[in-house]
Amino acid sequence: MSLEQDLSKTLERIIGIIQADSIQQFIQEQTNGTVAALPAGVSVHDLEQYLEQRRRYRGSMSTSLIAEFVEYVTATTEDYGWVPAAGDFPCFVSPSTMSAKTFFNLGDAENPGHGDHHANLQLEKTEAFKQLLETNGRKFDQKNLAEWLEDWKDHLEAFAEDGSTNVPMAAAVSAVRRITIGTNAEATSETQSLSSRRSAMAEVEAKNKDQFPCFLKFTCEPYQGLEERTFNLRLSLITSEKPVIVPRIVRLETAEEEMAQELEEKLRSGFEDTPVKTFVGSFNPGK
């Protein structure tokens with residue numbers, strides 16, 4: 001290598017060092033010394049795991065019980081050793097997922113925190129409510145529906161087509177088991193809960209000696225910690241070679257909105273007189 005090439009490479013290294021120093025100084029100024037420029041190939045290792053104690057407290061708590069969530073959040077805010085203004089510990093409630101999340105070190109716009117210490121609430125459906133949702137829109141044959149009515153009779157009430165006449169559960173089960181199909185020679189397009197009259201040359205109608213249940217009331221605690229509520233179901237009969245019965249929950253979306261509102265109200269009430277403030281929605285603290 002010639003002297004000229006040697007000088008050229010040396011000059012390049014000197015310029016690189018000067019540029020790196022300038023860049024480092026600029027980055028330090030712009031980030032208050034919290035970011036550093038490192039040469040390629042340099043690895044950074046966090047040695048916190050070898051310390052006797054962590055540098056700061058962080059972690060995540062999860063539960064499906066409202067009472068445990070409120071108790072933990074309240075106790076943890078007190079453990080921070082100071083009483084912040086209301087809103088310094090935000091709790092975000094998500095109605096669509098029936099969940100909530102409280103941040104303990106999120107901070108605010110002037111003093112932002114890491115947001116990596118939080119508590120999570122995720123309500124779980126009860127077994128009875130799961131069964132109810134699985135039944136919604138399902139096509140039952142006579143045997144399966146009769147067995148379902150018998151299995152969940154402690155949660156059920158049956159009603160006739162007028163919606164007010166109570167049908168004893170034993171009679172309702174018997175009526176479902178004894179549905180028969182008859183044929184008449186009359187055409188119409190009318191559809192009813194207990195019969196399906198088609199625009200054709202024949203009419204097919206369900207007939208049975210017992211009183212068929214057109215409506216059901218299913219009462220259960222939908223989620224752990226929420227109040228017991230009653231859901232109305234309408235039974236529709238599809239008449240073909242074999243009868244098919246389809247239960248559908250009446251105004252399920254409205255009930256879901258009411259349950260979400262109940263969750264929010266329970267949390268607002270639970271955090272009353274604490275520095276925790278609830279918001280409807282979700283929040284991602286980013287990185």
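## Salt bridges and a helix pair

Arg-177 and Glu-150 form a salt bridge, with their closest N and O atoms 3.3 Å apart. A salt bridge here is a side-chain nitrogen of Lys or Arg within 4 Å of a carboxyl oxygen of Asp or Glu. The pair links distant parts of the chain, since Arg-177 sits in helix α5 and Glu-150 in helix α4, 27 residues apart.

Before going on, a word about the model: it is a predicted one, where local features need pLDDT of at least 70, side-chain atom pairs count only at pLDDT 80 or more, and totals for chains, interfaces and linings use all residues. Residues are numbered from 1 along each chain as its sequence is written, and side-chain values use heavy atoms, leaving out hydrogens and water.

Let us look at the two helices that this pair joins. Helix α4 covers residues 142–151 and helix α5 residues 169–177; helices are DSSP runs (H or I, at least four residues) and strands likewise (E, at least two), numbered from the N terminus. They pack at an angle of about 170°, with their axes 8 Å apart. Axes are lines fitted to C-alpha atoms, for helices over the stretch in contact, and angles run from 0 to 180 degrees between N-to-C directions. α4 and α5 are therefore roughly antiparallel (an angle over 145 degrees). In the contact (heavy atoms within 4.5 Å), residues of α4 including Leu-145, Ala-146 and Glu-150 meet Met-169, Val-173, Val-176 and Arg-177 of α5.

The structure holds 7 salt bridges. Three of them appear in this table.

| Salt bridge | Closest N to O distance |
|---|---|
| Arg-177 and Glu-150 | 3.3 Å |
| Arg-229 and Glu-258 | 2.9 Å |
| Glu-264 and Arg-268 | 2.6 Å |

The Arg-229 and Glu-258 pair also links distant parts of the chain: Arg-229 lies in strand β11 (residues 229–238) and Glu-258 in helix α6 (residues 252–270), 29 residues apart. Arg-229, Glu-258 and Glu-262 are linked in a network of salt bridges. By contrast, Glu-264 and Arg-268 are 4 residues apart in helix α6, so about one helical turn separates them.

How open are these side chains? Buried means under 20% relative accessible area, exposed over 50%, and partly exposed in between (1.4 Å probe, protein chains only). Arg-229 counts as buried at 18%, and Glu-264 is buried with a relative accessible area of 18%. Partly exposed residues include Arg-177 at 42%, Glu-150 at 38%, Glu-258 at 38% and Arg-268 at 41%.

Methods: Angles under 35 degrees count as roughly parallel, over 145 as roughly antiparallel, 65 to 115 as roughly perpendicular and the rest as oblique.
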